[in-house]
Amino acid sequence: MGALSHIRVLDLSRVLAGPWCAQNLADLGADVIKVERPGVGDDTRHWGPPFAKDPNGKDTEESAYFICINRNKRSITVDIAKPEGQELIRQLAAESDVVIENYKVGDLAKYGLDYESLKKIKPDLVYCSITGFGQTGPYAHRPGYDFIIQGMGGFMSVTGEAHDFEGASPQKSGVAIADIFTGMYASTAILAAIVHRDHTGEGQYIDMSLLDTQIAVMANVSSAYLTSGEIPKRWGNASPIIVPYQTFPTSDGWMIVGAGNDGQFRHFVTAGGEAHLADNPLYVSNPLRVEHRKQLIPLLEQMTRKKTKGEWIGLLEKANVPCGPINNFKEVFENEQVIHRGVLIEAPHPTVGSMKLVASPMRLSKTPTEVRMAPPTLGQHTDEILHERLKLDDKTIEVLRNKGII
C-alpha cells in the first residue's frame, strides 16, 4: 500500500508538467484518473518516433514521450466541450481529493470546471493549475512553452559555451527542465495542501507557474546576481569559482573532474605525471587557479589527452579525486551502479507486451513506490471508471459512447 493509496486524483492535464506531477503522486500510491480527448488523447501520444514496439518488433501507438510520464494511471476519454461530458467531470471531481489541470487561464471556467465551480460541490478539494506564467499578471494569458521559459527565466543566459568562446551561443537544456521542475514543485505543493486539509478540513487552490519555477531553480545563480548586482555569464562546462571543475578531453572521449580543493588538485596532476603544476606559484591555491585559468586549463588538457577515459577514471578514483565519465544512454543503463539500484524496470502492457520504464527515484522504507500499471492505452479504463466511480450501467455508458461524449 503506497503512502497515498487513500488519495484520488483527477488529472485533466496534458503534455509534461501536469502529467509529471500526477505520475509522482501515482508512484506514491494515489489512484490517478487521466482524462483525455476521445479519439485523440494527450498530445504526447503522437510525439514520435520513437514508438514502443510490439512483441513482433512493429511500432505500436505508444510514444516514448507519453510512456515516460503516464505510468500508474487509468485513462478515461471524455469530451469536456459537451455539457454531458462536463457533468461527468463534475461527478468525478466530487469523488476526488485532487484535481490537476493545465488549460489556459479562464478556459475551464467556461465549462464550469474551474476551482470556484468545483469547490461548491467539493469544498475540501485541492485544485492545482499549471500554466506558463501563472493566473495573474500581464503575461497570464500567454501560452507558456518550456523552451521559451528557459530563455525568459535566465537559464539559457548561463548555459552553453563560455561567453568568450568563438561562436558561442545560449543553449537550452537537453530535457524540458522548466516543465519537469514545475511538476515536481506542484506535487510537493499538493502534498502540503493535503496535509492542511487533513488538519483543517479546508481545500485550497494552487497556482503554479513555469516562469516562477524556472527562476526559483536557478538557485545560487539568481542569488549571486541579487547579492552582487553582477550579471552571471556562461561558463560552458567550467565553474566560475572552482578550478579545475569541468570536462576534460581524454584520448578516447570526455570525462569530468571536480577538484574542489588544493589537495585534490595536487592528486589530479600527480596522477597525470605533472606534479610540478601543484607547486607552481600561479596555481597553488584555488583563487590563483581561478585567476590564471586561461594559462592552466590548456596545460591540463594536454595532460588528460595522454590517457583513455577508463585509465583516468581508475587513477583518479584511487587518488580520491572526484571524477566521472560522460555516458551515452547505452552506457547509463549498462552501468553497474544503475543496474544494482534497479533503475530499469519492466511492466506488462496490452500492446507492447513488456514495456521498459525508468523507476521512480523515491525510495521509501515503509511505503515504497511501485509500478502497478504501465502507461494506459487511450480510454483503456473508461468503462471501468464509470462503473466503479459513478455507478453507471452498461446501457448508460453505451448511450454516452454513441453520442461521442466518451
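Two strands count as paired if DSSP finds at least two bridges between them. Strand 10 (residues 254–258) and strand 11 meet that test, pairing in the antiparallel sense over three bridges. Everything described here comes from a predicted model, so let us walk through it with that in mind.

**The three-stranded sheet**

Strands 10 and 11 belong to an open sheet of three strands, ordered 9-10-11, with antiparallel pairing. Its edges are strand 9 (245–249) and strand 11 (323–325), each of which pairs on one side only. From one strand to the next, the twist averages 25 degrees. If you would like a spot to zoom in on, valine 257 stands opposite cysteine 323 in strand 11. Helix 12 (residues 309–318) lies across strand 10 and strand 11, and runs at about 155 degrees to strand 11.

**The six-stranded sheet**

The other sheet to look at is also open, with six strands in the order 5-2-1-6-7-8 and parallel pairing. Here the edge strands are strand 5 (73–77) and strand 8 (204–209), each pairing on one side only. The twist averages 20 degrees from one strand to the next. At the strand 5 edge, five bridges join this strand to strand 2 (residues 31–36), and the two run parallel. One of the residue pairs to find is glutamate 36 with its bridge partner in strand 5, threonine 77.

Helices pack on this sheet too. Helix 1 (residues 17–27) touches strand 1 (8–11), strand 2, strand 5, strand 6 (98–101) and strand 7 (126–131). Helix 6 (residues 177–200) lies across strand 6, strand 7 and strand 8. The table gathers the angles of the helices that pack on the two sheets.

| Helix | Reference strand | Angle |
|---|---|---|
| Helix 1 (17–27) | Strand 6 (98–101) | about 155 degrees |
| Helix 6 (177–200) | Strand 8 | about 165 degrees |
| Helix 12 (309–318) | Strand 11 | about 155 degrees |

**A helix pair**

How do helix 9 and helix 11 pack, and at what angle? Helix 9 (residues 262–271) and helix 11 (residues 293–304) meet at an angle of about 45 degrees, with their axes 10 Å apart. The two helices are therefore oblique to each other. Phe265, Phe268 and Val269 of helix 9 make the contact with Leu296, Leu300, Met303 and Thr304 of helix 11. Sorted by class, this contact has six nonpolar residues, one polar and no charged ones.

**The largest pocket**

The largest pocket holds about 1100 Å³ of space. It is lined by 33 residues, and those closest to its centre are Ala64, Cys68, Phe333, Leu357 and Val358. The lining draws at least two residues from each of helix 1, strand 3 (51–53), helix 2 (64–67), helix 6, helix 13 (329–334) and strand 13 (353–358). Strand 13 gives the most, with five residues. By class, the lining has 26 nonpolar, four polar and three charged residues. Helix 1 and helix 6 thus appear in two places in this account: helix 1 packs on the six-stranded sheet, helix 6 lies across three of its strands, and both supply residues to the pocket lining.

**Backbone details**

A few places in the backbone deserve a look. The peptide bond from glycine 48 to proline 49 is cis, with omega near 10 degrees. Another cis bond joins proline 49 and proline 50, where omega is about 10 degrees. Proline 49 sits in the loop between strand 2 and strand 3, and proline 50 is placed in that loop as well. Asparagine 72, in the loop between helix 2 and strand 5, has a positive phi of about 60 degrees although it is not a glycine.

How values were computed:
Residues numbered from 1 in each chain as written. Predicted model: local features only at pLDDT ≥ 70, side-chain atom pairs only at ≥ 80, totals over all residues. Heavy atoms only, no water. Helix = DSSP H or I, 4+ residues; strand = E, 2+ residues; numbered from the N terminus. Axes fitted to C-alpha atoms, helices over the stretch in contact; angles between N-to-C directions. Contact = heavy atoms within 4.5 Å. 1 Å grid on protein atoms, 1.4 Å probe; cavity = no way out; pocket = protein on both sides within 12 Å on 5 of 7 lines; lining within 4 Å. Points joined across faces, edges and corners; volume = space filled by probe spheres on them. Nonpolar A, V, L, I, M, F, W, Y, C, P; charged D, E, K, R; others polar. Parallel < 35°, antiparallel > 145°, perpendicular 65-115°, else oblique.
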